[in-house]
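Visitor: I am new to this structure and should be grateful for a close look at a single part of it. Please describe how two helices pack against each other.

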Amino acid sequence: MQEVLNINGISKSYGPIKALQNVSFQVPKGAVFGLLGPNGSGKTTLLSIVLDILKADSGSFAWFGHPGSPATRKQIGSLLETPNFYHYLSATDNLKITQAISGRGDAASIDTALKIVKLYERKNSKFSTYSLGMKQRLAIGAALLGNPDVLLFDEPTNGLDPVGIAEIRELIRELANQGKTIIMASHLLDEVEKVCTHVAIMKRGNLLTAGPVDEVLANEDIVELGSQDLNALEGILQQYQGITQIKTTDHQSLQAFFPVGTASMEAINKHCFEQGVVLNQLTLKKKSLETKFFELTND
Amino acid sequence: MNLLALVKIEWLKIKKYPAFWWMFGIVALTYPGTNMMFYYGYSEGTKGKEVASNVAKMLLGNPFAFPETWHTVAFLSSVFIMIPAILVIMLVTNEYNYKTHRQNIIDGWSRGQFVTSKLFDVVIISMVSTVLYTAVAFGFGAWADYDNIGRWAEQLQYIPLFFLQTFAQLTIAFLLGFLIKKAFIALGIFFFYNLILENIAVGYAKFKLNDIGKFLPFEISDRIIPSPAFMSRFGKDMKEAYEKALDAIPMHIALTLLLTGAIWAFCYWKHKRRDL
């Protein structure tokens, strides 16, 4: 698959603090790529480097197979960290500047972008009169200007109310359906889990894991089982081949862990029945991103 | 991106910035106002019939008549460099304050184009100041002594010299805003240095250090527009000093170009390397 962004061994220090340590990963074309990590993990630093706001100490990156340049940045709609606009200018004038610098879109596309982010009615108001959520939406509007194929959002739902968050999530889904590549940094895990196809998890400047969401999350099959007699169930499961670990969850069910792709529901069901235990619950569960995240990032 | 597109973008930022129009208004009042004050002093001192008035008139000539007006008005107006300097400092520190210095790059400018855009800001503001100066100097020339209007085209070199001096001194203001990033600190340093520190240093150096103060940043370009010609008519020493000042203009033009060029080269060099 063609890569939109290729990050290769990027490191960055602020004095003694190592903000990024040899980070490498690829963003395939058409992916919704979630960049996850606790506060201070280096997400924004990394995105700043690929947008030429910060200089890496070592390593390199390429957009569309070429080293980063003004020409490559013009093809990417970006929202980095905060909405950055001229406070004394209206939304329209601010987007005129975005349009003139990036060359994306035309006069009509400014109105289109403002309509998408629901600011059209306030297009002539000064940026300084906007609420936090409106400022954020204008920044998303600026990124959408001219309908670029690649979008980069750093915490896109910052400052938005629950309805606004749902709308942006929906918008990101819609954009993904149109085949756009979206790179999104966030610490809101459910947000990422709901929309992302790929994920990278960072902690203190290190990349812990990266890849398609299914692969990152499903490094184990988790089977949840329940029966009248949990002790008996646990006893017979211990004889079952292939289980790596058994956990009691809530006194009503057990979790049995298998290496990825090896759990067969039919076989487990058959084994239990033959051993005289009737199951009242049998589900193959996907590990939640939250569980995975805490597992990876907790010391 | 061509340079015209860059200028258009900067003009969009400037023309809707209320401080620009405040500066324009204040400069539009200050330039004629200050010159008016001096002109009034001159008229009062020379209008009488008594001997003293006639002597003063003979001595001074009319500093506001053509072609002297170009020189006199340039000298008196250039004292108010701090007004456009405020605007220059605000325009660059605004970019940091709004973080648009990052957004402009994110949207597709190179770092060099960003510095070029700011260079145009300083050029635009210097041009506006020069246009105002030219209008005021021409107005005084026509009004103060209409008989001399035929000599309007003499000493026109003061127009480019005024532009160069304004541009050079606003470049220093830009450098402070560019490096310090905080408007109030940059303005404070600019005022303290420009109005107080350098004047003391130049004055001291004149008597104690063989006039080495002429190489200080503002003094370098201050001396491309020396004191008006009538100052040379108060005795031999003054005449010599005036002629010496006129002779030094080419060297000060060269030094001004050198310093201004070096400042901009430094800004390009610095901006290409630093974290934004």
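Guide: What follows concerns one pair of packed helices in chain B, with a short note on the domains of chain A afterwards. The model is a predicted one. Two packed helices are described by the angle between their axes and the distance between the axes. Here the pair consists of helix α5 of chain B, residues 82–97, and helix α9 of chain B, residues 183–208. Their axes lie 10 Å apart and form an angle of about 150 degrees. Because angles over 145 degrees count as roughly antiparallel, α5(B) is roughly antiparallel to α9(B). The crossing of α5(B) and α9(B) is right-handed.

Which residues make the contact? From α5(B) come Met82(B), Ala85(B), Ile86(B), Ile89(B), Met90(B) and Thr93(B). Helix α9(B) contributes Ala183(B), Ala186(B), Leu187(B), Phe190(B), Phe191(B) and Asn194(B). Sorted by character, the residues of this contact between α5(B) and α9(B) comprise 10 nonpolar and 2 polar, with no charged residue.

Chain A offers a contact between domains. Its domain assignment gives domain 1 (3–216) and domain 2 (218–297). The centres of these two domains of chain A, taken over C-alpha atoms, are separated by 39 Å. Their contact takes 12 residues from domain 1 of chain A and 7 residues from domain 2 of chain A. On the domain 1 side, α7 (189–195), β9 (198–203), β10 (206–212) and α8 (213–217) of chain A each supply at least two residues. That side of domain 1 of chain A divides into 7 nonpolar, 1 polar and 4 charged residues.

Key
Residues numbered from 1 in each chain as written. Chains lettered and ligands numbered in written order. Predicted model: local features only at pLDDT ≥ 70, side-chain atom pairs only at ≥ 80, totals over all residues. Axes fitted to C-alpha atoms, helices over the stretch in contact; angles between N-to-C directions. Helix = DSSP H or I, 4+ residues; strand = E, 2+ residues; numbered from the N terminus. Parallel < 35°, antiparallel > 145°, perpendicular 65-115°, else oblique. Left-handed = near helix turned anticlockwise from the far one by under 90°. Contact = placed C-beta atoms within 7 Å. Nonpolar A, V, L, I, M, F, W, Y, C, P; charged D, E, K, R; others polar. Domains from an automatic or database assignment.
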